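Got a minute to get your bearings in this fold? Here is a quick briefing to read with the structure open beside you.

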Amino acid sequence: PGIAELYAGALHALSALEHLLPFLALGILAGQQGRKTEPVLLVFCLALAAGAAIALWTPALRYVGLFNIFSAILFGGLVAAAWSLPMALCYGIAAIFGLSHGFANGAGMIEQSRPALFIAGVALAGLAVTAYGSIFTDFLLRRKPGWIHIAVRVAGSSNAAIGILVLATSGDPSRQARCKQSRS
């Protein structure tokens, strides 16, 4: 008993493109940068937990969902560009977007009997997806064929393109309601 909250937190984070896309793109970006960025994944995981905990005591932020979708576009674009990034920038984006994604997931928490388990689920899901992306990308890039580098960049641009599509379809809820009424 009680483990359901852990699963609920993990599934909440993994069931929305606004979270899954940036998690995966951040992992790919970290793998693209090499092993020096492995601690970035831990920073992201801790920031997810901190953001979700902050959401317990703070009112909802209106545009955090759009900000999170923007992170998919940003991370995907950085992967596509294949730039070598300074470590400070890697830590900074992991912390900022970890807090925002954690906050959004924490705000989505319904009355949980054990919020700590829900938050742990969110953080562990974020760590698992980013670590998988990082390890797999690093493994592939060490194989040396030139097409792998291109494939990783294409994955980044695809992630950014999907992020743009998600952003385009997630506008102002009042505008969406007006559009539905006008169609009826």
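To get the expected span of a helix, take 1.5 Å times one less than its number of residues. Keep that rule handy for helix 3, which covers residues 38-55: its 18 residues reach 27 Å from first C-alpha to last, close to the 26 Å expected. One caveat up front is that you're looking at a predicted model.

**The whole chain**

- The chain has eight helices and zero strands, so if you read along the sequence the pattern is simply α-α-α-α-α-α-α-α, with helices taken as DSSP runs numbered from the N terminus.
- Of the chain's 184 residues, 43% count as buried.
- Take the contacts between residues at least 6 apart in sequence, and 88% of them join residues at least 24 apart.

**Helix 3: one face inward**

- The buried residues of helix 3 are V40, L41, F44, C45, A47, L48, G51, A52 and A55.
- Look down the axis of helix 3 and those buried residues fall within an arc of 165 degrees, so they line one face of the helix.
- As background, an α-helix has 3.6 residues a turn, so residues three or four places apart point the same way.
- What do the buried residues of helix 3 pack against? They sit against helix 2, helix 5 and helix 6, the last of these being residues 115-141.

**Helix 2: mostly covered**

- With 17 residues at 1.5 Å a residue, helix 2 should span 24 Å, and its end C-alpha atoms are indeed 24 Å apart.
- Helix 2 is mostly covered, with 13 of its 17 residues buried.
- Just after helix 2 comes G34, which takes a positive phi of about 100 degrees.

**Helix 4 and its partner, helix 7**

- Helix 4 runs over residues 64-81, and its 18 residues reach 25 Å end to end by C-alpha, close to the 26 Å expected.
- Its buried residues are V64, G65, N68, I69, S71, A72, I73, F75, G76, L78, V79 and A80.
- The cover over the buried residues of helix 4 includes helix 2 (17-33), helix 5 (87-107) and helix 7 (146-169).
- How do the axes of helix 4 and helix 7 cross, and at roughly what angle? They come within 7 Å and cross at roughly 155 degrees.
- That angle makes helix 4 roughly antiparallel to helix 7, as angles over 145 degrees count that way.
- The crossing of helix 4 past helix 7 is left-handed.
- On the helix 4 side, the contact is made by L66, I69, A72, I73, G76, G77, V79, A80 and A81. Helix 7 contributes V152, R153, G156, S157, N159, A160, G163, I164, V166 and L167.

**A82: an unusual backbone angle**

- Most residues other than glycine have a negative phi.
- A82 has a phi near 60 degrees, a positive value in a residue other than glycine.
- You'll find A82 just after helix 4, in the loop between helix 4 and helix 5.
- Is A82 buried or exposed? At 37% relative accessibility, A82 counts as partly exposed.

**Helix 1 against helix 6**

- The axes of helix 1 (residues 3-14) and helix 6 come within 6 Å and cross at roughly 45 degrees.
- The two helices are therefore oblique to each other, and their crossing is right-handed.
- Helix 1 makes the contact with E5, L6, A8, G9, A10, H12, A13 and L14. From helix 6 come L117, F118, A120, G121, V122, L124, A125 and V129.

**Two buried residues to click on**

- V129 sits in helix 6 and is buried, with a relative accessible area of 14%.
- Leaving aside neighbours within four places in sequence, V129 is in contact with L14, L20, F23 and L24.
- V129 and L20 are 109 residues apart in sequence, yet 7.9 Å apart in space, C-alpha to C-alpha.
- N105 belongs to helix 5 and counts as buried, at 0% relative accessibility.
- Which residues is N105 in contact with, leaving aside its neighbours within four places in sequence? They are H12, A13, H19, F118 and V122.

How values were computed
Residues numbered from 1 in each chain as written. Predicted model: local features only at pLDDT ≥ 70, side-chain atom pairs only at ≥ 80, totals over all residues. Heavy atoms only, no water. Helix = DSSP H or I, 4+ residues; strand = E, 2+ residues; numbered from the N terminus. Buried < 20%, exposed > 50% of the residue type's maximum accessible area, 1.4 Å probe, protein only. Contact = heavy atoms within 4.5 Å. Arc of directions from axis to C-beta. Axes fitted to C-alpha atoms, helices over the stretch in contact; angles between N-to-C directions. Parallel < 35°, antiparallel > 145°, perpendicular 65-115°, else oblique. Left-handed = near helix turned anticlockwise from the far one by under 90°.
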